[in-house]
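User: Please take one part of this fold and go through it closely, from the strand pairing outwards. Which neighbours does it have, and how is it covered?

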Amino acid sequence: MKVAIVTGAARGIGLATTKLFLEDSWRVAMVDCDDEELQKASNALPGTVPIYCDVSKPDMVQEMVSRVLDAFGRIDALINNAGVAMFTPLEKTDFDTWRTIMATNLDGVFLCTQTAIPALKESRGAVVNIASISGLRASTLRVAYGTSKAAVIHLTKQLAVELGDYGVRVNCVSPGPVKTKLAEAVHSPEIIKAYYDGIPLNRSATEQDIAETVVFLCSTKASYITGQMIAVDGGFDASGIGLP
Ligand code: NAD
């Protein structure tokens, strides 16, 4: 039996990733700070354990990892997917907004990985971080979000180099636009139109598109892949068109 922790699993990309792991007979610790949605999602999915946790809080992350080990006894994959987005330019980004985004998107990845690493070393497991094309390309609106995701891409490489000796692989996936609650909140009609003009495959990603890559990266098929960033973006980054 293999065990994955998926953060931000109550909905969106995290929920789709959980379902795909279950199809491959993994067990999943579903982690989220929206307890109501988390319980609802986990109740519908046998083979999962719901764990309420804000990934930006060190004590809660410690408790979360202990609970995963109590429930399943091992951790084979950690998917750092929990994320928040606000699209603002520099002068409209107050410090609280900056901190909120960094706390979940960057501190959360650091804390969950650091806390789960003893178990991941034991299993010679895998970490997949969910970054974004906003971490690859600069834009006028994403001073905090884009910077947090660029940091996640570098943190991925840093950890891959540090943990290679232990057989722990660390990769990251940078999605293009996916129609989730997070995207709904920040994608204006203008941004959506610009994406459609710039994406060679002429569509948004589905949650499944992203989940397939994540689960592949945790599988034995990816056993020689580490330190990589895969953009699952319909070719947006390759097109060279500016990020709206
Ligand atoms: P979503 O809002 O549908 O899901 C995010 C989940 O994370 C929610 O269930 C939320 O409750 C949870 N969460 C937020 N902060 C948390 C915290 N501090 N602790 C624990 N859980 C927390 O969003 P999504 O679109 O599925 O996003 C998943 C990831 O994909 C994020 O990291 C996001 O930045 C990234 N991403 C999304 C898109 C997109 O277009 N949707 C594009 C690029 C990258």
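Analyst: Asparagine 80 has asparagine 129 in S5 as its bridge partner. The chain runs from S4 through H4 to S5, and this β-α-β crossover is right-handed. Right-handed means that, with the strands pointing away from the viewer, the path from the first strand over the helix to the second runs clockwise. The model is predicted: local features need pLDDT of at least 70, side-chain atom pairs count only at pLDDT 80 or more, and totals for chains, interfaces and linings use all residues. Residues are numbered from 1 along each chain as its sequence is written. Helices (H or I, at least four residues) and strands (E, at least two) are DSSP runs, numbered from the N terminus.

S4 and S5 are parallel, with 4 bridges between them. Two strands pair if DSSP finds at least two bridges between them. S4 also pairs with S1, again in the parallel sense, over 3 bridges. There, alanine 4 stands opposite alanine 77 of S4.

In a regular strand, side chains alternate between the two faces of the sheet. Both faces of S4 are covered. Ala77 and Ile79 are buried on one side, Leu78 and Asn80 on the other. Buried means 20 or more other C-beta atoms within 10 Å of the residue's own, exposed means 12 or fewer, and partly exposed lies in between; C-beta atoms are placed from the backbone.

What lies against S4? Helix H8 (residues 207-218) has buried residues whose cover includes S4 (77-80). S1 (3-7), H1 (12-23), S5 (126-130), S6 (169-175) and S7 (229-232) are also among the elements covering them. Contact here means C-beta atoms, placed from the backbone, within 7 Å. H8 is largely enclosed by the rest of the structure, because 9 of its 12 residues are buried. Among them are Ile210, Val214, Val215 and Leu217, but also Glu207 and Asp209. Its length agrees with expectation: the 12 residues should span 16 Å at 1.5 Å a residue, and the end C-alpha atoms are 17 Å apart. The expected span is 1.5 Å times one less than the number of residues.

The loop after H8, leading to S7, holds threonine 226. Threonine 226 is buried, because 21 other C-beta atoms lie within 10 Å. Beyond its neighbours within four places in sequence, threonine 226 contacts Ala160, Gly164, Arg169, Val170 and Asn171.

The loop before S5 deserves a look too. Arginine 124 sits there, between H4 and S5. Its phi is near 50°, positive in a residue other than glycine. Most residues other than glycine have a negative phi. Arginine 124 counts as partly exposed, because it has 13 C-beta neighbours inside 10 Å. Asparagine 202, in the loop between H7 (189-198) and H8, also has a positive phi, about 60°. Asparagine 202 is exposed, because just 10 other C-beta atoms lie within 10 Å.

H4, the crossover helix, reaches the ligand. H1, H4 (95-123) and H6 (181-186) each give at least two residues to the shell around the ligand. Of the 30 residues in that shell, Gly8, Gly12, Gly83, Thr180 and Leu182 come nearest. A residue is near if its C-beta atom, placed from the backbone, lies within 6 Å of the molecule. The shell holds 14 nonpolar, 11 polar and 5 charged residues. Ala, Val, Leu, Ile, Met, Phe, Trp, Tyr, Cys and Pro count as nonpolar, Asp, Glu, Lys and Arg as charged, and the others, Gly among them, as polar.

Technical notes. Contact = placed C-beta atoms within 7 Å.
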